[in-house]
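Reader: I'm new to this one and would like to know how its labels are earned. Could you take me through them?

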Amino acid sequence: MEHIVIIGNGISGVTLARHIRKLSDKRITIVSAEADYFFSRTALMYVYMGHMKFEHTQPYENWFWKKNRIELKKGYVKQVETNTKTLHFAEGDTLQYDKLIIATGSKPNKFGWPGQDLNGVMGMYHKQDLENLEVHAPNNEVCKRAVIVGGGLIGIELAEMLNSRSIPVTFLVREDSFWNGVLPKGESEMINRHIKNHHIDLRLSTNLKAINSDDNGNVKSVIIEETGEELECNVVGLTAGVTPNIDFLKDSDIEIGRGVKVNRFLETNIPDVYAIGDCAEQHEAIGNRRPIEAVWYTGRMMGETLAQTICGNKMEYKPGHWFNSAKFLDIEYQTYGWVFGERGRPEYEQHFHWKHEDDTKCITVAYHKDTNEFLGINTFGIRMRHDVFDQWLTEKRDVDYVMNHLSEANFDPEFYSRFETKILKAYTNQLQPV
Ligand SMILES: Cc1cc2nc3c(=O)[nH]c(=O)nc-3n(C[C@H](O)[C@H](O)[C@H](O)COP(=O)(O)OP(=O)(O)OC[C@H]3O[C@@H](n4cnc5c(N)ncnc54)[C@H](O)[C@@H]3O)c2cc1C
């Protein structure tokens, strides 16, 4: 019986295994060095915040795997020998495969800062990071201050986590406004204010120079690049982006760039070896997407697609319209289609921006300045329906249509009706020559 081996038990690897099982009787093994069972990485923060126990982040009961004949192996793959189809484990044993899928996810970036490996310096990615955080930041007695380096989605989650235990946070952000490589100005500036309103010491245009240690190898302070200021702290969170977790492939014949290079069928250069999820890098980006997409839904879609190919129905990865969601402290963020920030915004992309006077809700609608075609929407504090925007993007609706039907896309029409008139009025005003 053909043996399918998947390295990585995250959303991409597990989705793949589940779908292969639905379609076939193949032998399936999932390997992971991190945790015995699949868990929701995006829910890790709620464990620290006391909203759930770690077990609750596991979407499937422990019996699920045996019942579905999905073998689980705990171990770290240190080498892949493709000519003999063998995995070598750090623990000393080996495993043979017929088809191999690399689904090893990401690891937090470290940019060679002095002191980056001290006790108390951590990323916020793996289960082990959460355990580390419990050791170094259980409360504000043990951790008097934490410094977070890097202003993205994971950084702000870590800030919220520490805030929930009343641990003072200083947040070092290289950009001059929060996440403005992605968010348009109005949104990014609203989030700056929101972070500060939560008593987080947000330092924009600020870089880390070095991390200092005490006599026991623990974090004592950080030095700020621009000013030379020394800030005392006990924890440093490194959240300056993530990189594919593929160091173990460096000596293999599998082609790698920043990630594992794949074609549209998620095939690598080596027959019977594939890559999916955060660690996969498209030779050429699909549309406006990045060649590496480190997001949850991408991993799931890739897993579903590759299962078809593995089971004999060769299928191209076609992700459809871009969408994503996240949270900035207590403000929910959703994005559908393309809305670019200041950097990288195409010349034809026009924005309509509306913000509520309470400074916690806003929307930005992007459209083509010549054709008026609706290109995408960002919403903050207002929940919208994915299926509706997906349809409008496919139908290439114009911006007038979208603005006049926005309430149809709302999850909570009653809540939305309170803003609808204001949003439409602002939109109409924008169209009037001043
Ligand atoms: C705190 C946090 C919040 C997030 N929030 C969001 C969000 O709101 N929305 C969103 O879209 N995305 C979010 N993400 C990103 C999302 O979680 C990832 O895109 C997704 O989990 C990646 O899934 P994956 O299956 O590709 O890899 P992973 O989930 O990283 O799983 C890969 C697994 O492979 C294991 N592994 C790696 N190398 C080896 C090896 N050599 N041997 C054995 N095992 C190995 C790893 O230990 C890991 O268990 C968040 C991520 C984090 C960390």
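Reader: What makes a residue pair count as a polar contact across the interface of domain 1 and domain 3, and how many are there?

Author: This is a predicted model, and both residues of a pair need pLDDT of 80 or more. The cut-off is 3.5 Å between N or O atoms, one able to donate a hydrogen and the other to accept it. Across this interface, 1 residue pair passes.

Reader: And how many salt bridges does the rule find there?

Author: The count for domain 1 and domain 3 is 0. A salt bridge needs a side-chain nitrogen of Lys or Arg within 4 Å of a carboxyl oxygen of Asp or Glu, so no pair across the interface is counted as one.

Reader: What is the side of domain 1 that touches domain 3 made of?

Author: You'll find 4 nonpolar residues, 1 polar and 1 charged there.

Reader: How much area do the two domains bury, and which residues of domain 1 supply most of it?

Author: Domain 1 and domain 3 bury about 590 Å² between them, with 60% of that on carbon and sulfur atoms. On the domain 1 side, Asn288, Arg289 and Tyr297 supply 70% of the area buried against domain 3, more than any other three residues.

Reader: Where do these domains sit in the chain, and how far apart are their centres?

Author: Domain 1 takes in 3-107 + 243-310, domain 2 is 121-240, and domain 3 is 323-430. Taken over C-alpha atoms, the centres of domain 1 and domain 3 are 34 Å apart. For the contact, domain 1 gives 6 residues and domain 3 gives 6 residues.

Reader: Now the ligand. Why is the approach of Tyr125 called a polar contact?

Author: An N or O atom in the Tyr125 side chain is 2.5 Å from an oxygen atom of the ligand. The limit is 3.5 Å, so the pair qualifies. The Arg41 side chain qualifies too, because its N or O atom is 2.9 Å from a ligand oxygen.

Reader: How much of the ligand does the protein cover?

Author: On its own the ligand has 1000 Å² of accessible area, and the protein covers 94% of that.

Definitions and conventions:
Residues are numbered from 1 along each chain as its sequence is written. Side-chain values use heavy atoms; hydrogens and water are left out. Domain bounds come from an automatic or database domain assignment. Contact means heavy atoms within 4.5 Å. Buried area is the accessible area (1.4 Å probe) that two parts lose on being put together, summed over both. Ala, Val, Leu, Ile, Met, Phe, Trp, Tyr, Cys and Pro count as nonpolar, Asp, Glu, Lys and Arg as charged, and the others, Gly among them, as polar. Accessible areas come from the Shrake-Rupley method with a 1.4 Å probe; for residues, only the protein chains shown count as cover.
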